[in-house]
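Student: I should like a close look at a single part of this model, namely the way in which its helices pack against one another. Please set it out as one connected account.

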Amino acid sequence: MSWKSIIWNGLLVAALCLAVFLLYRIFQQYSLDEIVQSVRSIPFSTFCTALLFTAASYLCLSCFDLLAIRSLGKSLPYRNILLASFVSLSLGHNIGFAGLSSGAFRYRYYSRWGLTAEDVAKVILFCGVTVGLGLITLGGLAMIINPGDAGRLLRIDSASVRAFGSLALIVPVVYTGLAFFVRGTLRLWRWSFQLPPFSIAVAQVGIGAINFMFVSACLHQMLSAFGDVAFFRSVTAYVLANSAILATHVPGGLGVLEAAVSYAVPKEASIGALIAFRCAYFFIPLALGTTLLVISEVIFRRRSRRADEEADERAEAQSV
């Protein structure tokens, strides 16, 4: 076994151990009775609806990878992209530093399917830009549609909130405009950027915003079980929470998510709503992603061993 294989296998085992440790550390903050009572307080139908929004969000996230690979002029079966994206992000969301952690898992998969390290780096950058565009777009819409809550959180008047929201929406407009008018590489000071085609840039903005709407809808289901909360108030809470998570890179947004949502919606953000949201969007995908990672690794290793055996047999046949 080569040193490269040993290093990657070591990183893989370390990531799996870290995922298990994070699950333990998160759950140990609450007593078993608190967790049971909190989960039981959420109606089953509400929890199932939240899971549907979670699934829709992860499907949107797989479209990030799909658009990135198409922007590179590459082609992979969607089932492969879905597997790589879900495993990478379900673990990356919980490990922290999602760009790096999910990038390591992306490379693990995509390198087997013909993408180079440079291609994977471009996929990671593309997805990061899509996340930023989606968050800015939805945040801008939330400030325009729901300026009252945003103004209370930011401690500014509603007119100023709407102005900030309008300024935020200029970002995706400029991005898509550059993609339409600029052909080839965009140079800015010392940096150069390869802009995607206009249709892909528009899809980035749209799917990025829709993804965060689905996550906000999942959170809204949980908050609504403990009080009457408007949807765009949940959007404001999640945009604030996710911005804080991206800034701190705390694994799984542990503590940051709870603090931000509690600040945005103090009455409805009970421990039940927050734990249920974590279960729906973090814990269940983490368990599924870890299982899929282990299964796929076993399958890949068997295929690799079979390919090596067939190559040895062909070599022996040719020597004879």
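Tutor: An axis here is a line fitted to C-alpha atoms, for helices over the stretch in contact, and angles run from 0 to 180 degrees between N-to-C directions. The model is predicted, so local features require pLDDT of at least 70 and side-chain atom pairs 80 or more, while totals for chains, interfaces and linings use all residues. Numbering starts from 1 along each chain as its sequence is written, and side-chain values use heavy atoms, without hydrogens or water.

The chain contains 12 helices and two strands (DSSP runs numbered from the N terminus: H or I of at least four residues, E of at least two). Along the sequence the pattern is α-α-α-α-α-α-α-α-β-β-α-α-α-α. Of its 320 residues, 44% are buried (under 20% relative accessible area; exposed is over 50%, partly exposed in between; 1.4 Å probe, protein chains only).

Consider α7 and α8 to begin with. Helix α7, residues 147-154, and helix α8, residues 158-181, pack at about 100°, their axes lying 9 Å apart. This angle makes α7 roughly perpendicular to α8 (65 to 115 degrees; under 35 is roughly parallel, over 145 roughly antiparallel, the rest oblique). On the α7 side the contact (heavy atoms within 4.5 Å) involves Pro147, Gly148, Ala150 and Gly151, and on the α8 side Ser158, Val161 and Arg162. The buried residues of α7 are Pro147, Asp149, Ala150, Gly151 and Leu153. Just after α7, Arg155 adopts a positive phi of about 60°.

A second packing joins helix α3 (residues 44-71) to helix α4 (residues 78-95), whose axes come within 9 Å and cross at roughly 120°. The two are therefore oblique to each other. Here α3 contributes Tyr58, Leu59, Leu61, Ser62, Asp65, Leu66 and Ile69, which meet Tyr78, Ile81, Leu82, Ser85, Phe86, Leu89, Ser90 and His93 of α4.

The helices also share a nonpolar core (buried Ala, Val, Leu, Ile, Met, Phe, Trp, Tyr and Cys joined through side-chain atoms within 4.5 Å). In the largest such core, of 62 residues, Tyr110, Met222, Val261 and Phe277 touch the most other members. At least two of its residues come from each of α3, α4, α5 (98-110), α6 (117-145), α9 (198-224), α10 (231-248), α11 (256-264) and α12 (271-319). The largest share, 13 residues, is supplied by α12. Apart from neighbours within four places in sequence, Met222 is in contact with Ile42, Phe47, Ala50, Ala273, Ala276, Phe277 and Ala280. There is also a second, separate core of six residues, among them Leu133, Tyr175, Ala179 and Ala201.

His220 lies in helix α9 and is buried, at a relative accessible area of 15%. Leaving out residues up to four places away in sequence, His220 touches Val229, Ala230, Phe231 and Ser234.

Val36, by comparison, is in helix α2, residues 32-40, and its 31% relative accessibility makes it partly exposed. Its C-alpha atom is separated by 9.1 Å from that of Gly272, although the two residues are 236 apart along the chain. For the chain as a whole, among contacts between residues at least 6 apart in sequence, 70% join residues at least 24 apart.
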